[in-house]
Amino acid sequence: MTESFPQDALETSSTAALNHSSLKIVEVDGRTFAPAQQVPIPEWPCTTTRRQQPTLTLKDNDLFIITDTLGNIACGDDQSASSLGLFCRDTRFLSRLELQVEGLPPILLSSTAQRGFALSALCANPYISPEHGRREIRAETIGIQRDLVLQGGLFEELTLTNYSTGPVEFELSLSFDADFADLFEIRGRVRQQTGTLLRSVRLPEGAAVPMPSLPDGAVPGAGDELTLAYQGVDQLLMEARIQFYQRPPDQLKGYTAIWRVELQPQATEILGYRLQPFLDGHPASTVGLPATLSQAVAAETMEEQQWREGVTHIRTDNRALNQIIERAEQDTYLLGQTFGDGKVLSAGIPWFATLFGRDSLIAAMQTLMFNPALARQTLTVLAEYQGQKNDDWREEEPGKILHELRFGEMSRSGEVPHTPYYGTVDATPLWLMLYADYYAWKGDRPLLDQLWPHALAAMDWIDRSMEPTGYVTYFCKSPGGLRNQGWKDSGDCIVDAAGNLAQGAIALSEVQGYVYAAKVRLAPLAELQDRPDLRDRWQSDAASLKARFAQDFWLEDEGYVALALDGHGNPVDSITSNPGHCLGLGIFSPEKARSVAERLLAPDMFSGWGIRTLSSSNPAYNPMGYHVGSVWPHDNGMIAAGLRALGYTDQALEIAQGIFDMTLVQPYQCPPELFCGFERTPNSRPVRYPVACSPQAWATGTVFQLLQIMVNLVPDAANNCLRIVQPTLPASVSYMAIDNFKVGQTLLDLEFERSHEATACRVVRKRGNLRVVIEV
């Protein structure tokens, strides 16, 4: 490729460094690099300062980007702690992306990331004063349409339009940088050693590599390309390769591309580039890279349309609720991420954009009515990673389902144990619950048989874990692991009524409920596998567990269930949301279930927006605490589902309404991972948790779970039956249509209509021989 940039692109400081005799040359796959500290480049000044501000998020499969509302990734002193950037495989491949006009930030007029994979920002020029030989340009003379799209990489196009009556000349710049930080590093992990930032250099023809020095004039980019690079401590090369596929820049100053733009009145010019992340010489993303932004939009639009044709379509006569549903549909699509041959919901953006056991399983359960294919893929992918050996560093054990899988430098180099990490106590019984539930929805006997050995291995892990105490417990074995290994996995959340941290091996209440449900639901499946011995054993195990649980976990004075048992077998007697997960699982007697249900809706637990994670009467309560007073949509969805299963329909719908009301005031009507537990008052709004993930898989899945609570579908695909048990639309909804709905091999369209206090159901269309039984 021929050189098209001015020779001063690096300025004189680079020439001096390049002649240094001790310069180290790195050559990887025919590409030549030098350490960044030995090849200084001009720094283009920042125009913004770091501050708390709104952000926009885009995602496509294994790529996501977070920018400010202008589409910028600002630079600053604390950029290393910022969540802004372009990420792939747990690595930040772009830590600066800054648009400037004559060295000034554009004026933002409007921006949106409504489509999820695309960002559009409409900007204008600031006032350009007539100095340093440039002409005056009045503010808002030049329209700047900025479009960013993700599809195998990052695409950006800038459409510049002169709206004045005379010609304009101005300088427009885009500044890039990449720190290649690992996601764990951004989240605060301190590293003992880091890799080396590199500068791509070009050698004159005939130059030998390696050589003790480089000639004058080597540049970090050539022609229409620019490369940012880093060699990790594992010696793998990471690159962000930028190609300017529209008009090439007129000049590069370091990693800033500069165009000198001349526009006649009403004239338009388009500038554009694409950035592709690379790892060890190969594209980092599993998605292929189109040639242009328009091709990327077309490919993404077609893929999404094909996906929508295969999922259930749900609409109501409530316009606001429809907005929530539409956003949940889109976010479920966007959160899909490829792992091997399967596509599973990643847990959430930014911190959890990867495969999780617990999160992916719960989200798959929540969305069975919407897209049962997600459950199939989730079961299959997690089975591929099922534990095979005992490894304390990763907390792996035979039969155990993983907690978290990571691909970044810190994982690859062994600084963190996430390759994968198995420190979760609930993913294994949840996998078994989903295994049984998926069969109820689809009657998929081939998958049932295929995964049966994995089910046996998972049940064996549960049985081994229960041997010492009669309960499934956790105790962190890994120095790089999690202290707490249930869904509340922060360090300060397992507290007693006095606010003291529980010690020792912890047996969580909800986990015992999951184990009970797994035993009960798999017993009939054992009979299908000609294992009546396992059927009888699992039924007996479940009955024994239920009896022990009633004795050991019940807090007589509170009429409630303990959060957990500590390492000495003593109840951790705080009032929390955890026992609410057990309501519909059958482990409670009817009397105890009623008492737990009533307690959950008391004012110290129910904020009006949702049920808090911890009672506001507890000394450790903090409405802004991650797990000690906040409200989590998925937590509420699971509790509401349990209430509905027990016949507490009004209470379940009250929780659903609170979550929907909260979601309506969120950006794009997207439910966050969590929000603060402050009390709802007539004039208050839900208070956001500052660093909550959004979108987040099991928060998004809660929308479909709450819709399922309303219509109460109970499938039994293996016996060719669907029961619709006392459907009840809330007061805010009079009509709901569920189209393209699948149970087993049958396709259904259903309509629900509320009249006064009763909800009627009609089967509008049925393709298949499924029996539909409506119980009112």
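This is a short walk through two helices, some charged pairs, a strand residue and a surface patch of the predicted model above. Local features are described where pLDDT is at least 70 and side-chain atom pairs where it is 80 or more, while totals for chains, interfaces and linings use all residues. Residues are numbered from 1 along each chain as its sequence is written, and side-chain values use heavy atoms, leaving out hydrogens and water.

Let us start with helix α3, residues 293-309 (helices, H or I of at least four residues, and strands, E of at least two, are DSSP runs numbered from the N terminus). Its 17 residues should span 24 Å at 1.5 Å a residue, and the end C-alpha atoms are 25 Å apart, which agrees; the expected span is 1.5 Å times one less than the number of residues. Which residues of α3 are buried? They are L293, A296, E300, E304 and W307. These cover an arc of only 60 degrees around the axis, so they sit on the same side of α3; the arc is that of the directions from the helix axis to the C-beta atoms. An α-helix has 3.6 residues a turn, so residues three or four places apart point the same way. On the other side of α3, M302, Q306 and E309 are exposed. Here buried means under 20% relative accessible area, exposed over 50%, and partly exposed in between (1.4 Å probe, protein chains only). The buried residues of α3 pack against β3 (55-60), β10 (142-150), β11 (154-162) and α4 (319-334), where contact means heavy atoms within 4.5 Å.

Two of those partners, β10 and β11, bring us to the charged pairs. The structure holds 38 salt bridges, each a side-chain nitrogen of Lys or Arg within 4 Å of a carboxyl oxygen of Asp or Glu. In one of them, the side chains of E156 and R146 meet at 2.5 Å, N to O. E156 lies in strand β11 and R146 in strand β10, so this pair ties together parts that are 10 residues apart in sequence. E156 is buried, with a relative accessible area of 0%, and R146 also counts as buried at 0%. Another salt bridge joins E397 and K477 (3.2 Å, N to O). E397 is in the loop between α6 (372-384) and α7 (409-412) and K477 in the loop between α9 (445-466) and β24 (507-508), so the pair links parts 80 residues apart in sequence. K477 is partly exposed, at 47% relative accessibility. R406 and E404 form a salt bridge at 2.6 Å, N to O, and both residues are buried. Back at α3, its buried residue E304 belongs to a salt-bridge network with R308, R315, E326 and E329.

Helix α14 (residues 649-664) has 16 residues and reaches 22 Å from first C-alpha to last, close to the 22 Å expected. Its buried residues, including L653, I659 and F660, pack against α4, α13 and α15 (697-711).

Next comes L565 in strand β27 (residues 564-565), buried at 5% relative accessible area. Its C-alpha atom is 5.9 Å from that of I506, 59 residues away along the chain. Not counting residues up to four places away in sequence, L565 touches several residues, among them Y471, I506, F553 and P571.

Finally, look at the surface. M624, found in the loop between α12 (590-600) and α13 (633-645), forms a nonpolar patch with F678 and V687, with about 250 Å² of accessible area together. Patches are made of residues with over 30% relative accessible area and no salt bridge, joining like charges within 9 Å and nonpolar side chains (Val, Leu, Ile, Met, Phe, Trp, Tyr) within 5 Å; accessible areas come from the Shrake-Rupley method with a 1.4 Å probe, and for residues only the protein chains shown count as cover.
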